[in-house]
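Work through the exercises below with the sequence and the 3D view side by side. Try each task before reading its solution.

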Amino acid sequence: MRLRGERVTLRALEPADAAAGHRWITDPEVLAHLEVGAYPVSVLAEEEWYRQQAAALPAHPSSVAMGIEDETGRYIGNIGLHRINWRDGHAVLGILIGEKDRWDQGYGTEAIRVLLRWVFGRLRLHRVWLVVNENNHRVRRCYEKVGFVVEGRWRQHVFRDGRHVDQIIMGILAPEFTGSEPPRT
Ligand SMILES: CC(C)(COP(=O)(O)OP(=O)(O)OC[C@H]1O[C@@H](n2cnc3c(N)ncnc32)[C@H](O)[C@@H]1OP(=O)(O)O)[C@@H](O)C(=O)NCCC(=O)NCCS
């Protein structure tokens, strides 16, 4: 199964994707707002993670990760759901566009929209949420464009570049997701 948008396709991750994944998560610019940046990650650890993602999933997995391809078929990033709670119908969304020459061209926003169409339309989850560093303006704008709203704030929750930074909780409910951009406020 592949999830297709206008330019972006979401597809299963394969062990062969690990080399690109390792290049991304050893890039300080990509890592700036990610938790994995705290420790070095070996090629082996990255390969194992990719192998795990490529394994068969149970009917109700607790997480699902997919690769993001652009319109040329180039593998540019990963997107996934974590902490899926099937009983209450919520999950955490995570995204990484690792190829920096693809930033700020709408790929992240489209990948999130494509994933949410599947999450709300097919998996029938009710709420998707996440926390972002307050100073990660790019990803905040990305989520805002999809219709996520700010639900709260964890004060000084992470330590980055010598200071404690707030984290913002953002969420979207199934009936709020239209698939199109809300008016800019
Ligand atoms: C965050 C990320 C997923 C966004 O993907 P992307 O494809 O670059 O995002 P899009 O192009 O769809 O949207 C980015 C928006 O942010 C805007 N933006 C970029 N830098 C900005 C800044 N400093 N301040 C405000 N807005 C900014 C862009 O202009 C664009 O908005 P627009 O379409 O209204 O012009 C990607 O850059 C990434 O993976 N970064 C590194 C990992 C990361 O931070 N992941 C998120 C962890 S929670």
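The exercises that follow concern a predicted model.

**Exercise 1. Overall fold**

Task: Establish how many helices and strands the protein chain has, and in what order they run.

Solution.
- Count first. The protein chain has five helices and eight strands.
- Now read from the N terminus. The order is β-β-α-α-α-β-β-β-α-β-α-β-β.
- Turn to contacts between residues at least 6 apart in sequence. Of these, 58% join residues at least 24 apart.

**Exercise 2. Dimensions**

Task: Test the radius of gyration of the protein chain against that of a compact globule.

Solution.
- Take the chain length, 185 residues.
- A compact globule with 185 residues would have a radius of gyration near 16 Å.
- The protein chain has 16 Å, so the two agree.
- Add the extents. The C-alpha trace spans about 45 × 40 × 35 Å along its principal axes.
- Finish with burial: 26% of the 185 residues count as buried.

**Exercise 3. Helix α4**

Task: Check the span of α4, then decide whether this helix is mostly covered or mostly open.

Solution.
- α4 covers residues 107-121.
- At 1.5 Å a residue, its 15 residues should span 21 Å.
- The end C-alpha atoms of α4 are 21 Å apart, which agrees.
- Next, burial. Eleven of the 15 residues are buried, so α4 is mostly covered.
- Among the buried residues are Y107, G108, A111, L115 and F120. E110 and R113 are buried as well.

**Exercise 4. The largest nonpolar core**

Task: Find which residues touch the most other members of the largest nonpolar core, and which element gives the most to this core.

Solution.
- Start from the general tendency: nonpolar side chains tend to be buried together in soluble globular proteins.
- Here the largest nonpolar core holds 37 residues. L10, I68, A111 and L115 touch the most other members.
- Elements giving two or more residues to this core include α1 (18-24), β3 (64-69), β4 (75-85) and β8 (163-173).
- α4 gives the most to this core, with eight residues.
- Look closely at I68. Beyond its neighbours within four places in sequence, I68 is in contact with V8, L10, I76, G77, N78, I79, I97, Y107 and A111.

**Exercise 5. Around the ligand**

Task: Describe which residues come nearest to the ligand, and where the largest share of the shell comes from.

Solution.
- The ligand has 20 residues around it. G108, T109, H137, V139 and R141 come nearest.
- Map the shell to elements. β5 (90-97), α4 and α5 (137-146) each supply at least two residues.
- α5 provides the largest share, five residues.
- Sort the shell by character: ten residues are nonpolar, seven polar and three charged.

**Exercise 6. Two positions compared**

Task: Classify L44 and D17 by exposure, and locate each in the chain.

Solution.
- L44 sits in helix α3 (residues 43-54).
- L44 has 10 C-beta neighbours inside 10 Å, so this residue counts as exposed.
- Between L44 and R163 lie 32 Å, C-alpha to C-alpha, and 119 residues in sequence.
- D17 lies in the loop between β2 (9-12) and α1.
- D17 has 19 C-beta neighbours inside 10 Å. Burial takes 20 or more, so D17 counts as partly exposed.
- D17 touches Y50, G67 and Y75, leaving out residues up to four places away in sequence.
- The C-alpha atoms of D17 and E46 are 9.6 Å apart, with 29 residues separating them along the chain.

How values were computed. Residues numbered from 1 in each chain as written. Predicted model: local features only at pLDDT ≥ 70, side-chain atom pairs only at ≥ 80, totals over all residues. Helix = DSSP H or I, 4+ residues; strand = E, 2+ residues; numbered from the N terminus. Rg over C-alpha atoms; globule rule 2.2 N^0.38 Å. Buried ≥ 20, exposed ≤ 12 C-beta atoms within 10 Å, placed from the backbone. Contact = placed C-beta atoms within 7 Å. Near = placed C-beta within 6 Å. Nonpolar A, V, L, I, M, F, W, Y, C, P; charged D, E, K, R; others polar. Core = buried A, V, L, I, M, F, W, Y, C linked by C-beta atoms within 7 Å. Expected span 1.5 Å × (residues − 1).
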